[in-house]
Amino acid sequence: MFGATLLCCLKYHIKDNKRYAAMNYAKEINALNNSLSDLKGDINVSFEFFPPKNEQMETMLWDSIHRLQTLHPKFVSVTYGANSGERDRTHGIVKRIKQETGLEAAPHLTGIDASPDELRQIAKDYWDSGIRRVVALRGDEPAGYEKKPFYAEDLVKLLRSVADFDISVAAYPEVHPEAKSAQADLINLKRKIDAGANHVITQFFFDVERYLRFRDRCVMLGIDVEIVPGILPVTNFKQLGKMAQVTNVKIPKWLSQMYEGLDDDQGTRNLVAASIAIDMVKVLSREGVKDFHFYTLNRSELTYAICHILGVRP
């Protein structure tokens with residue numbers, strides 16, 4: 001009799017625990033939904049694209065640009081390679097974006113494989129074409145590169161000597177892979193700002209606390225421009241590993257666990273990617289961040305869906 005009574009009590013206890021857990025889960029979902037609705041689209045977004053290498057990728061690029069154009073981004077940027085062919089493609093894409101969409105188009109520009117005189121001419125051509133924003137970078141030096149380094153700080157100064165560009169530069173919340181130390185990396189960023197840069201766009205990251213600490217350290221050093229977080233929705237975890245190794249981005253254990261068993265499940269990977277990106281934007285917005293730069297990898301669907309949920313809509 002006692003055993004039957006105990007079993008009955010245990011059943012009710014388990015049911016109560018399940019009911020309590022379900023209620024907590026419901027409260028968490030409701031809090032999340034309220035948090036997202038509180039944003040009311042009160043954030044600014046920008047998107048990064050790269051020059052396509054073939055006709056199919058060209059079509060995908062322009063489909064993505066026209067789809068994301070409807071979200072009225074603050075600007076869109078186009079990356080820039082060290083070889084002249086890719087540089088020319090960047091120039092052409094940026095000018096076409098400006099002409100066809102009216103969006104603020106920002107070319108990436110580096111000092112690799114171009115002389116200061118060539119860079120001045122490129123900058124002047126951009127200005128004459130109505131391009132007012134530039135992302136100024138040192139660029140990745142190819143193997144065997146022997147020319148005198150032309151750093152982002154030098155490029156910012158050069159751009160300032162040509163015209164009154166709106167200049168963005170790069171930052172690494174987890175430290176540039178070639179920096180001697182975190183402090184040295186931060187001092188280098190300060191030099192770029194002192195040279196005339198207006199904005200900072202960070203490398204992608206997944207540790208929000210690292211970004212917030214980095215932002216605090218920037219303020220302590222007198223860097224008072226906006227530090228725009230770079231957001232990368234991860235749809236290919238294997239590819240992320242290679243990218244993270246090159247850029248010195250730490251992949252948290254929890255992130256690896258989120259993608260376990262999904263190598264052959266693109267649909268679920270997309271859902272996971274959207275969930276992580278949305279959570280990051282939600283937390284960062286609570287900390288006062290209002291501008292977010294999305295690395296689209298030339299694909300619009302996922303970025304569009306994320307922005308829609310965040311309240312950024314046509």
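**Stop 1: where α10 meets α11**

Start by selecting N270, A273, A274, A277 and I278 in α10, then add L302, I306 and I309 in α11: these are the residues through which the two helices meet. Keep in mind as you look around that this is a predicted model. Colour your selection by residue class and you will find 7 nonpolar residues, 1 polar residue and no charged ones in the contact of α10 with α11.

Now show the whole helices, residues 266–286 for α10 and residues 301–309 for α11. Their axes are 10 Å apart, and the packing angle is about 45 degrees. That angle makes α10 oblique to α11, because oblique is the class for angles that are not roughly parallel, antiparallel or perpendicular. Turn the view and follow how α10 passes α11: the crossing is right-handed.

**Stop 2: N298, just before α11**

Stay in this region and select N298, which sits in the loop between β8 (291–295) and α11. Is N298 buried or exposed? Its relative accessibility is 0%, so N298 counts as buried. Its backbone is worth a look too. Most residues other than glycine have a negative phi. N298 is not a glycine, yet its phi is positive, at about 65 degrees.

**Stop 3: H72, in another loop**

Next, jump to H72, in the loop between α2 (55–69) and β2 (76–78). Here again is a residue other than glycine with a positive phi, near 55 degrees. What about its surroundings: is H72 buried or exposed? With 60% relative accessibility, H72 counts as exposed, because the cut-off for that class is over 50%. Switch between H72, which is exposed, and N298, which is buried, to see each setting in turn.

**Stop 4: α4 and α5**

Select residues 116–128 for helix α4 and residues 152–162 for helix α5. How far apart are their axes? The distance is 10 Å, and the helices pack at an angle of about 50 degrees. α4 and α5 are therefore oblique to each other. As you rotate the pair, look for the right-handed crossing of α4 past α5.

To see what makes the contact, show side chains for P116, L119, R120, A123 and K124 on the α4 side, and for L155, L158, L159, S161 and V162 on the α5 side. By class, the contact of α4 with α5 has 7 nonpolar residues, 1 polar and 2 charged.

**Stop 5: α6 and α7**

For the last pair on this tour, select residues 182–194 (α6) and residues 208–220 (α7). The axes lie 11 Å apart, with a packing angle of about 60 degrees. This angle makes α6 oblique to α7. The crossing of these two helices, α6 and α7, is right-handed.

Zoom in on A182, Q183, L186 and L189 in α6, which meet F214, R217 and C218 in α7. The contact of α6 with α7 is made up of 5 nonpolar residues, 1 polar and 1 charged.

**Last stop: the whole protein**

Zoom out and clear your selections. How many helices and strands does the secondary structure have? There are 11 helices and 8 strands. The protein has 314 residues, and 44% of them count as buried. Switch on the surface: the protein exposes about 16,700 Å², with carbon and sulfur atoms supplying 52% of that area. Finally, think about the chain itself: among contacts with a separation of 6 or more, 79% are between residues 24 or more positions apart.

Conventions. Residues numbered from 1 in each chain as written. Predicted model: local features only at pLDDT ≥ 70, side-chain atom pairs only at ≥ 80, totals over all residues. Heavy atoms only, no water. Axes fitted to C-alpha atoms, helices over the stretch in contact; angles between N-to-C directions. Helix = DSSP H or I, 4+ residues; strand = E, 2+ residues; numbered from the N terminus. Parallel < 35°, antiparallel > 145°, perpendicular 65-115°, else oblique. Left-handed = near helix turned anticlockwise from the far one by under 90°. Contact = heavy atoms within 4.5 Å. Nonpolar A, V, L, I, M, F, W, Y, C, P; charged D, E, K, R; others polar. Buried < 20%, exposed > 50% of the residue type's maximum accessible area, 1.4 Å probe, protein only. Areas by Shrake-Rupley, 256 points an atom, 1.4 Å probe, with all protein chains shown as cover.
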